[in-house]
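The following exercises practise reading a protein structure step by step. Please attempt each task before consulting its solution.

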Amino acid sequence: GRISTWTQMIPTEPENQYDMIISVWADMGSILPMSKGFQRIGFKRVKVSEIKDWEGESGAPTWLTCRPMAHLPTSVQPGAILLSMFKSTKMIKDRGAANVKPLSFELRAYCIMARNLNPMKADHLP
């Protein structure tokens with residue numbers, strides 16, 4: 001979905017600028033029987049000085065790895081968020097729809113840990 005534009009006046013010195021907190025919420029009723037409704041399961045703190053300037057065209061989105069909440073069990077992992085964030089010194093009232101270009105990608109997955117793998121040959125792993 002599209003997040004509404006956030007309008008805020010911030011200082012120009014990076015050390016005086018706000019940090020943005022991006023939160024991840026999930027319905028925890030099926031995981032934790034005691035919880036009801038949505039609960040915050042993770043967050044990512046982003047410095048405004050690290051956000052790219054808007055140049056009129058949205059670039060490729062980036063993955064932000066979220067930190068888990070300390071009060072939840074370690075089995076609840078917030079994961080990562082794929083998003084594009086930009087800042088602008090000019091007030092942009094209405095943004096047009098993004099010009100999306102369909103591209104083909106190759107998806108690769110690397111297995112870090114596996115169990116009960118049997119070698120095909122004595123000197124060769126599967």
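Five exercises with worked solutions follow.

This is a predicted model, in which local features need pLDDT of at least 70 and side-chain atom pairs count only at pLDDT 80 or more, while totals for chains, interfaces and linings use all residues. Residues are numbered from 1 along each chain as its sequence is written, and side-chain values use heavy atoms, with hydrogens and water left out.

**Exercise 1. The overall make-up**

Task: Determine how many helices and strands the protein has, and state what share of its residues counts as buried.

Solution.
Step 1. Helices (H or I, at least four residues) and strands (E, at least two) are DSSP runs, numbered from the N terminus.
Step 2. By this rule, the protein contains zero helices and seven strands. Its pattern along the sequence is accordingly written β-β-β-β-β-β-β.
Step 3. A residue is buried under 20% relative accessible area, exposed over 50%, and partly exposed in between (1.4 Å probe, protein chains only). Of the 126 residues, 14% are buried.
Step 4. The accessible surface (Shrake-Rupley method with a 1.4 Å probe; for residues, only the protein chains shown count as cover) amounts to about 11,500 Å², and carbon and sulfur atoms contribute 56% of that area.
Step 5. A contact means heavy atoms within 4.5 Å. Among the contacts with a separation of 6 or more, 52% involve residues 24 or more positions apart.

**Exercise 2. The sheet**

Task: Establish in which order the strands of the open sheet are arranged, and identify its edge strands.

Solution.
Step 1. Two strands pair if DSSP finds at least two bridges between them.
Step 2. Three strands make up the open sheet, in the order β1-β2-β5, with antiparallel pairing. Strands β1 (19-27) and β5 (67-68) are the edges, since each pairs on one side only.
Step 3. Strand β2 (residues 38-47) is joined to β5 by two bridges, and these strands run antiparallel. Opposite Arg67 in β5 stands Phe43.

**Exercise 3. The salt bridges**

Task: Find how many salt bridges the whole structure holds, and determine which residues they join into one network.

Solution.
Step 1. A salt bridge is a side-chain nitrogen of Lys or Arg within 4 Å of a carboxyl oxygen of Asp or Glu. Side chains of opposite charge can pair when their charged atoms come close.
Step 2. The search of the whole structure yields two salt bridges.
Step 3. One of them connects Asp19 with Arg45, whose closest N and O atoms are 2.7 Å apart. This pair links distant parts of the chain, for Asp19 belongs to strand β1 and Arg45 to strand β2, 26 residues apart.
Step 4. Lys47 also forms a salt bridge with Asp19, with 3.6 Å between the closest N and O atoms. Here Lys47 in strand β2 and Asp19 in strand β1 are 28 residues apart.
Step 5. Through shared partners, Asp19, Arg45 and Lys47 are joined into one network.
Step 6. As to accessibility, Asp19 is partly exposed at 25%, Lys47 is partly exposed at 40%, and Arg45 is exposed at 54%.

**Exercise 4. Nonpolar groups inside and on the surface**

Task: Which residues make up the largest nonpolar core, and which form a nonpolar patch on the surface?

Solution.
Step 1. A nonpolar core is a set of buried Ala, Val, Leu, Ile, Met, Phe, Trp, Tyr and Cys residues joined through side-chain atoms within 4.5 Å. In soluble globular proteins, nonpolar side chains tend to be buried together.
Step 2. The largest core has seven residues: Val24, Met28, Ile41, Cys66, Met69, Leu72 and Val76. Another core, of five residues, lies apart from it and includes Ile22, Ile51, Leu64 and Leu83.
Step 3. Leu72 is located in the loop between β5 and β6 (80-83); with a relative accessible area of 9%, Leu72 is buried.
Step 4. A nonpolar patch consists of Val, Leu, Ile, Met, Phe, Trp or Tyr residues with over 30% relative accessible area and no salt bridge, their side chains joined within 5 Å. Trp6, Ile10 and Tyr18 form such a patch, with about 310 Å² of accessible area together.
Step 5. Ile10 lies in the segment before β1 and is partly exposed at 32% relative accessibility.

**Exercise 5. Two loop residues**

Task: Decide whether Gln77 is buried or exposed, and do likewise for Glu55.

Solution.
Step 1. Gln77, in the loop between β5 and β6, is exposed at 55% relative accessibility.
Step 2. Glu55, in the loop between β3 (52-53) and β4 (62-65), is exposed with a relative accessible area of 74%.

How values were computed:
Patches are made of residues with over 30% relative accessible area and no salt bridge: like charges are joined within 9 Å, nonpolar side chains (Val, Leu, Ile, Met, Phe, Trp, Tyr) within 5 Å.
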